[in-house]
Amino acid sequence: MTTEEGKQPVKTANQRGAARLAAVQALYQMDIAGSGVLEVVAEYEAHRLGQEVDGDTYLKADASWFRSIVAGVVRDQTKIDPLIRQALQDDWALSRIDSTIRAILRAGTFELIERKDVPIAVIVTEYVEIAQAFFQDDEPKLVNAVLDRIAKQVRATAQK
């Protein structure tokens with residue numbers, strides 16, 4: 001990371017990774033505030049992606065990747081949520097999961113279903129890293145386990 005005098009360091013991440021993080025944040029915002037997809041996507045593209053937020057400058061995110069994830073999760077939520085529910089332990093309802101984890105799992109599940117051009121390991125690793133940015137206990141392990149179970153189910157034919 002490089003710094004200029006008096007400025008915060010520029011965050012290093014790839015543009016898809018930045019888009020994934022922004023998508024999780026947007027999905028969280030939609031879940032908590034009840035905001036609509038068009039409103040949230042427009043806000044993120046105008047004020048957050050590649051911008052300085054709270055004194056941190058973030059690498060420009062791949063806006064089309066961001067839009068694809070957010071819109072895809074909203075469009076396919078009736079397909080995504082049952083997959084997540086099946087991958088959770090029997091006694092855990094999706095509604096009991098923290099909103100941030102729910103957003104991470106939804107985004108990751110969407111990519112596992114729709115983005116067959118992206119290796120499973122890349123998707124799971126990126127979303128586990130997002131979970132690690134927000135949580136330090138068992139949540140990243142939960143994200144890893146759930147996305148791994150879903151990957152085995154939705155990409156069974158693509159596995160070795």
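**Close-up views of a predicted six-helix, two-strand chain**

**View 1. Thr109 and its partners.** Leaving aside neighbours within four places in sequence, Thr109 is in contact with Ile80, Leu83, Ile84, Leu147 and Ile150. The model shown in this and the following views is a predicted one. Thr109 itself belongs to helix 4, and because its relative accessibility is 0%, under the 20% limit, Thr109 counts as buried.

**View 2. Overview of the chain.** The protein chain holds 6 helices and 2 strands, and its elements follow one another from the N terminus in the order α-α-β-β-α-α-α-α. Of the 160 residues in the chain, 41% are buried. When contacts between residues at least 6 apart in sequence are taken, 68% of them join residues at least 24 apart.

**View 3. The kinked course of helix 3.** Helix 3, which spans residues 63–87, has 25 residues, yet its end C-alpha atoms are only 30 Å apart, whereas a straight helix would reach 36 Å at 1.5 Å a residue. A kink of about 80°, centred on Gln77, is found in helix 3.

**View 4. Ile69 in helix 3.** Ile69 is a residue of helix 3, and its relative accessibility of 1% is the reason why Ile69 counts as buried. Setting aside neighbours within four places in sequence, the residues in contact with Ile69 are Arg20, Ala23, Ala107, Phe110, Glu111 and Tyr127. For one of these partners, Ala23, the C-alpha atom is separated by 6.4 Å from that of Ile69, although the two residues are 46 residues apart along the chain.

**View 5. Helix 5 and what covers it.** Helix 5, residues 120–134, has 15 residues and reaches 22 Å from its first C-alpha to its last, which is close to the 21 Å expected at 1.5 Å a residue. Its buried residues are Ile120, Ile123, Val124, Glu126, Tyr127, Val128, Ile130 and Ala131. The cover over these buried residues includes helix 1 (15–33), helix 3, helix 4 (99–114) and helix 6. One of the buried residues, Tyr127, also appears among the contacts of Ile69 in the previous view.

**View 6. Tyr28 against the start of helix 4.** Tyr28 is placed in helix 1 and, with a relative accessible area of 34%, is partly exposed, because that category takes in values between 20% and 50%. Not counting residues up to four places away in sequence, Tyr28 touches Ser99, Thr100 and Ala103. Ser99 and Tyr28 are 71 residues apart in sequence, while from C-alpha to C-alpha they are 6.1 Å apart in space.

**View 7. The second largest pocket.** The second largest pocket encloses about 310 Å³ of space. Its lining consists of 13 residues, of which Trp92, Ile97, Asp138, Glu139 and Leu142 are the closest to the pocket centre. Helix 6, residues 139–154, supplies the largest share of this lining, namely 5 residues. By residue class, the lining divides into 7 nonpolar, 1 polar and 5 charged residues.

How values were computed: Residues are numbered from 1 along each chain as its sequence is written. This is a predicted model: local features need pLDDT of at least 70, side-chain atom pairs count only at pLDDT 80 or more; totals for chains, interfaces and linings use all residues. Side-chain values use heavy atoms; hydrogens and water are left out. Helices (H or I, at least four residues) and strands (E, at least two) are DSSP runs, numbered from the N terminus. The expected span of a helix is 1.5 Å times one less than its number of residues. The bend at a residue is the angle between axes fitted to the seven residues ending there and the seven starting there. On a 1 Å grid over the protein atoms alone, a cavity is a set of points where a 1.4 Å probe fits but cannot get out, and a pocket is an open set with protein on both sides within 12 Å along at least five of seven lines; lining residues have an atom within 4 Å of a point. Grid points are joined across faces, edges and corners, and a volume is the space filled by probe spheres set on the points. Ala, Val, Leu, Ile, Met, Phe, Trp, Tyr, Cys and Pro count as nonpolar, Asp, Glu, Lys and Arg as charged, and the others, Gly among them, as polar. Buried means under 20% relative accessible area, exposed over 50%, partly exposed in between (1.4 Å probe, protein chains only). Contact means heavy atoms within 4.5 Å.
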